[in-house]
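Colleague: Could you take me through one part of this model in detail? I'd like to hear about the nonpolar core and the sheet beside it, and then whatever else helps to place them.

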Amino acid sequence: MRSATPKVLHALAGRTMLGHAMAAARELDPLQVAVVVRHERELVAAAAAEIDPAALVVDQDEIPGTGRAVQCALDALDARAHAGRAAQLVHDDAVDDELHADHANGGDHPLGDGLDGAVVVLAGDIPLLDGATLGQLLAAHHADGNAVTILTTEVADATGYGRIVREAGTGDVQAIVEHKDATPTQREIREINSSVYVFDAAVLRRGLAGLGTDNAQGEVYLTDVVASARAEGGAVRAVLSDDPMLVEGVNDRVALATLGAELNRRVLTEWMRAGVTVVDPATTWVDVDVELAPDVTLLPGTQLHGATKVDSGATIGPDTTLTDVEVGPGATVVRTHGSLSVIGPDASVGPFAYLRPGTELGTKGKIGTFVEVKNSQIGEGSKVPHLSYIGDTTIGEHTNIGAAAVTVNYDGQTKHRTVIGSYAKTGADTMFVAPVTVGDGAYTGAGSVIVKDVPAGALGVARAQQRNVEGWVERRWPGTPAAEAAGRARAEGSDQQLGAQAQQQLAAHNALTGAIPVVPPADQGSAASTDPADSSDPTEGSTQR
């Protein structure tokens with residue numbers, strides 16, 4: 001793989017190859033799963049324990065080969081079986097004494113040989129192998145009473161694979177010959193070994209005891225157990241899979257990409273047959289652990305990862321990536337990147353939204369264009385339509401957050417929380433400096449910096465008064481197009497072209513700020529008062545967005 005990451009920890013469809021192998025094994029409901037590790041032992045062992053804490057991690061020693069790997073695993077499983085048997089005997093001293101006496105006289109070991117029954121062996125680099133195929137292999141093993149049952153397939157080019165040599169007449173497996181040890185005639189065989197087996201435990205134990213390294217690779221081959229099983233008179237048979245991709249191995253990143261694409265195609269096919277619309281399968285990627293309900297629609301460029309769950313009637317995409325996100329029925333998520341979030345029923349997200357972990361959007365809520373939300377709960381029917389950052393915040397129901405709102409949650413040391421109540425309306429470009437609370441039904445003026453709590457039903461305004469410096473452009477930038485335009489406008493009296501209401505508001509504002517008052521013409525009504533007591537509310541209209 002040319003990678004610092006062990007081969008079996010490379011991932012496709014949301015799982016490592018090791019994860020795929022262990023998931024397939026667990027579908028058989030086995031008494032015990034054992035994972036043999038050698039190369040990069042610490043990394044692989046830690047990954048196996050995270051995937052399945054009940055799995056037994058077994059170290060292979062420096063002796064190479066698949067046979068040695070299985071031998072180490074069987075020794076560990078036998079030791080566990082002995083421990084369990086010993087625990088049972090402790091409760092029956094008479095039986096324990098009898099068994100030890102029998103063993104002293106040449107009888108069987110008092111704890112038995114160890115593990116018994118069927119032992120399934122599979123490789124960690126065949127990610128498309130599923131539990132159903134393993135189940136069929138195990139069923140055939142039991143039905144035929146085989147000593148060994150092998151999963152095989154046929155390929156056009158068998159170079160590098162072990163060949164299945166069958167017995168003439170019966171079709172039983174006579175031997176498995178590795179490519180480097182095969183004769184020219186044997187290399188013409190197209191049926192190959194998949195490295196997936198079912199052994200009778202006793203047959204496996206005896207066969208492993210006699211293995212050597214007399215081959216071109218100098219390794220202990222598990223395939224040599226086939227010959228020993230036949231020598232004992234046991235039945236060795238093969239189950240031929242007509243789907244070579246199921247047992248295709250990964251040896252480089254080209255194969256990883258090829259099998260990843262094939263696995264994704266199979267996942268999408270299964271979901272489409274279950275009632276999901278996938279508009280463009282070529283650009284849609286869905287991990288194996290994703291859950292989709294009927295009547296979900298996935299638009300082009302959609303990627304659903306991890307434990308994402310999408311309920312009926314929801315539409316995802318285009319160009320959307322969700323990881324571990326729950327999407328409620330009827331919701332729409334457009335051009336959005338999200339992780340560890342919950343989107344409620346009939347809610348709307350995007351386009352160009354970013355949902356960070358801890359985001360919860362209520363029923364019929366909205367997170368709109370260029371909005372980032374983190375660790376926040378947005379109530380039913382509430383909206384954050386555009387150009388805002390909402391972090392560490394709780395928003396009630398049916399509240400509207402104006403454009404360019406920011407919850408200022410970090411003071412350089414600690415994250416603080418903002419609380420905005422229900423049925424509130426906040427003006428555009430409002431900064432909420434946490435910790436701060438805005439009550440139910442409250443308003444904030446556009447451009448305000450809210451540093452104190454706003455009571456329920458109050459209007460919070462916190463901004464400096466506007467000051468106009470007349471003639472500044474012409475003095476600062478004389479001769480520029482802007483200065484010339486300003487001069488022409490003043491010469492033409494363009495300010496007098498304002499409507500009566502606008503002129504009155506401007507006059508009131510100028511009276512407050514000390515700017516030169518603008519008096520409307522006589523034919524447009526009486527002059528606006530310059531007395532602040534007579535002026536209109538300077539915050540009127542400040543919540544417009």
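Modeller: I'll start with the core, go on to the sheet, and then look at some other parts of the chain.

Keep in mind that this is a predicted model. The protein chain has 545 residues, of which 41% count as buried, and it holds 11 helices and 38 strands.

Now the core. In soluble globular proteins, nonpolar side chains tend to be buried together. Here the largest nonpolar core has 53 residues, and the members that touch the most others are Leu298, Leu304, Val327, Ile343 and Ile367. Several elements supply at least two residues each: helix H8 (253-273) and the strands S24 (353-355), S26 (366-374), S28 (383-391) and S35 (436-438). H8 gives the most, with seven residues. A separate core of 23 residues lies apart from this one, and its members include Ala147, Leu204, Val226 and Val236.

Ile367 is a good residue to zoom in on. Setting aside neighbours within four places in sequence, isoleucine 367 is in contact with Ser348, Val349, Gly350, Ala353, Leu355, Thr359, Leu361, Val373, Ile378 and Val384.

Gly350 in that list takes us to a cis peptide bond, the one from glycine 350 to proline 351, with omega near 5 degrees. Proline 351 is in the loop between S23 and S24. That loop also holds phenylalanine 352, which pairs with phenylalanine 370 in strand S26, 18 residues apart. The structure has two aromatic pairs. In the one between phenylalanine 352 and phenylalanine 370, the rings are stacked, 5.3 Å centre to centre with 10 degrees between the planes. Phenylalanine 352 counts as partly exposed, at 45% relative accessibility.

There is another cis bond, from glycine 317 to proline 318, and omega is near 5 degrees there too. Proline 318 sits in the loop between strand S17 (315-316) and strand S18 (320-323).

On to the sheet. Nine strands make an open sheet with parallel pairing, in the order S13-S16-S19-S22-S25-S27-S29-S32-S35. Strand S13 (291-292) and S35 are the edges: each has a single partner strand, so one side of each is left without a neighbour in the sheet. S35 is also one of the strands that supply the largest core. Further in, strand S25 (residues 360-361) runs parallel to strand S27 (residues 377-378), and two bridges join them. Glutamate 360 has glutamine 377 in S27 as its bridge partner. Leu361 and Ile378, from the contact list of isoleucine 367, bring us back to the core.

H8 gives us a way over to another part of the chain, since the buried residues of helix H1 pack against it, as well as against strand S1 (11-12), strand S2 (15-16), strand S3 (34-37), helix H2 (41-51) and helix H5 (131-144). Eight of the 10 residues of H1 (residues 17-26) are buried, so this helix is largely enclosed by the rest of the structure. The buried ones are Met17, Leu18, Gly19, His20, Ala21, Met22, Ala24 and Ala25.

Past H1, in the loop that leads to S3, is aspartate 29. Its phi is near 55 degrees, a positive value in a residue other than glycine. Aspartate 29 counts as exposed, at 68% relative accessibility. Over in helix H5 is threonine 133, which is buried with a relative accessible area of 10%. Not counting residues up to four places away in sequence, threonine 133 touches Leu151 and Leu246.

For a contrast with the parallel sheet, look at strand S5 (residues 118-121), which runs antiparallel to strand S9 (residues 191-200) and is joined to S9 by four bridges. Valine 120 stands opposite valine 198 in S9. In a regular strand the side chains alternate between the two faces of the sheet. In S5, Val119 and Val121 make up the covered face, while Ala118 and Val120 are on the uncovered one.

Two charge-over-ring contacts are also there to check. The charged end of lysine 415 sits over the ring of tyrosine 410, 5.6 Å from its centre. Arginine 476 lies over the face of tryptophan 477, at 4.1 Å from the ring centre.

Note on methods
Residues numbered from 1 in each chain as written. Predicted model: local features only at pLDDT ≥ 70, side-chain atom pairs only at ≥ 80, totals over all residues. Heavy atoms only, no water. Core = buried A, V, L, I, M, F, W, Y, C linked by side-chain atoms within 4.5 Å. Buried < 20%, exposed > 50% of the residue type's maximum accessible area, 1.4 Å probe, protein only. Contact = heavy atoms within 4.5 Å. Pairing = 2+ DSSP bridges. Phe/Tyr/Trp six-rings, centres within 6.5 Å; stacked < 30°, edge-to-face > 60°. Lys NZ or Arg CZ within 6 Å of the ring centre and 35° of its normal.
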